[in-house]
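Reader: Before I use any of these labels in my own work, I would like to see each value set against its cut-off. Could you take me through them one at a time?

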Amino acid sequence: MFKKMHLLLMGLVTISFIVAGCDKEVPTSSDESLWGPSVASILPRAGLKQFSPNNNGPTLLDPTPLEPGWTVSTFVSGLFSPANGLEFDQSTGGFYVGEFDAGRVTFVDAEGNPSFFATVPSVDEMALNRTSTFLFAKEHNSGGPIHMFNTQGTFLGNISIPGFPTGTAFDSRGNFYVSDATNREVLVYPASTLPPNTPVASVYATGFLILEGMRFDSQDNLFVTEFEQGNVLQVVPPNGPHITWVSGQNIPINVAFDPCTNNLFVSNNGSGTILRVTSPGVFTTFAIGLSSPFAIVFDAVGNLYVNEFDAGRITKFTSPNPCFEVIEVDIDIKPGSDPNSINCNNKNEVIAVAILTTDDFDATTVDHSTVMFEGASETHVNRRNGEPRRHEEDVDGDGDTDLVFHFRLGDTNLTCDSTEGTLTGETFDGRAIEGTDSVRMVGRWSRNSK
Ligand SMILES: [Ca+2]
Ligand SMILES: [Ca+2]
Ligand SMILES: [Ca+2]
């Protein structure tokens, strides 16, 4: 029973701002009314019908993407619900999630395996900086505090704010931002004031209603949700007018940006939907059937992850067109020879390496000027401008065109102990490629080099 009350309270805390917003009376941090009267009148309005009053019987709906090609799967289940906050860690491919009632931050690795990261009471939103140095995790309480950790899990101190913190975010330069729902403003802590120094805040932007989630896009524009009013705004500091991208929604909680398209995505808690927003006022429903979606985030290649607040589950939407994913290509070191013997004592030996065209990959899409082999670039260059020459040839005689390169052994990282060589590069449209083939280094001792 206690658990049930506690969970209802969690719902109350979130929606208590609605009371403040309607009354035009902003509670102070010590105002008990923040914890709110009149649950009954607020709950239906808040659309928390999917809210499950226990930790083990979540309401599992059936998330469905509406855009062609996208697939849906459960990335993690069995989290201690309710859970909020979701941050992608570029350095490991994993995620941080906040398990509110368990009072802990959990790390979920790229394969979906959870492990304990840190203790944070009533943990809610979190923010991870782009270099994966700091994880800041907010308590869902007046004043916070916001717990600061490095990504080894070492506690670095707390930040308290004057009002009630809701959203948290880092920009690309490592400055930290937190929204104060009580005072209706966004504060900034410049990177230069973060640990090991002492955090110092100033007001970044004002002119909001009731703020909730926030995140920066790739151009360092800050987006926030005004969840009670159903708006998503692009912040124009210091005091607007802010740009309305989305309005009329049912409790928009959090935002995320697709790294492939830079489109804005919005989680609508009340309707259990996700929106794709392409420009101010222009949006479509991307997915339906989510169990109280809260925090959302993309991984590096454009898959979307949704933390379903009371379902103890993170649902993954897999993109049909992943971006920035390394394409594995077939290469042939010393085309036509096998094994690929290289005299490791002859620094001037030129090693030919071919990128082969296959059913899956057209080698002629590779920008030859980007290609490196074990640290070396093409040795055949244009004498006038120094640019690498391009060699297209059907080296394996199968009727399609391959791309051939020539690297001087002395320019590569290959040693007499090497057993393989790796080629990297990019296609003309910016996709990374990588291919590896074996080498047989010979000639370590001149006696054996024959
Ligand atoms: Ca070969
Ligand atoms: Ca071929
Ligand atoms: Ca060929």
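Reader: What makes Thr 357, Asp 398 and Asp 400 the residues that coordinate the calcium ion (ligand 2)?

Author: This is a predicted model, in which local features need pLDDT of at least 70 and side-chain atom pairs count only at pLDDT 80 or more, while totals for chains, interfaces and linings use all residues. Residues are numbered from 1 along each chain as written, chains are lettered from A and ligands numbered from 1 in the order written, and side-chain values use heavy atoms, without hydrogens and water. Donors are N, O and S atoms within 2.8 Å of the metal, or 3.2 Å for Na, K and Ca, and sites may look incomplete because water is not among the atoms. The oxygen of Thr 357 and the OD atoms of Asp 398 and Asp 400 lie at 2.1 to 2.8 Å from the calcium ion (ligand 2), so they count as donors. Asp 398 also bridges this ion and the calcium ion (ligand 3), which lie 3.8 Å apart.

Reader: Why are Asp 398 and Asp 400 called partly exposed?

Author: The label covers relative accessible areas between the limits for buried (under 20%) and exposed (over 50%), with a 1.4 Å probe and protein chains only. Asp 398 has 45% and Asp 400 has 23%, so both values fall in between.

Reader: How do you know that Phe 286 and Phe 317 form an edge-to-face pair?

Author: The structure holds 24 aromatic pairs, and in this one the rings are 5.5 Å apart centre to centre, with 70° between the planes. Rings of Phe, Tyr and Trp (its six-membered ring) pair if their centres lie within 6.5 Å, with planes under 30 degrees apart counted as stacked, over 60 as edge-to-face and the rest as tilted, so the pair is edge-to-face. Phe 286 and Phe 317 are both buried, and they belong to one aromatic cluster with Trp 70, Phe 265 and Phe 298.

Reader: What makes S21 and S22 paired strands?

Author: Strands are DSSP runs (E, at least two residues) numbered from the N terminus, and two of them pair if DSSP finds at least two bridges between them. Strand S21 (residues 273-279) and S22 have 5 bridges in the antiparallel sense, so they satisfy that condition. Strand S1 (residues 64-65) is joined to S22 by 2 bridges, also antiparallel, and Thr 64 has Ile 288 as its bridge partner there. In the hairpin of S21 and S22, with 2 residues between the strands, Gly 281 takes a positive phi near 85°.

Conventions: Helix = DSSP H or I, 4+ residues; strand = E, 2+ residues; numbered from the N terminus.
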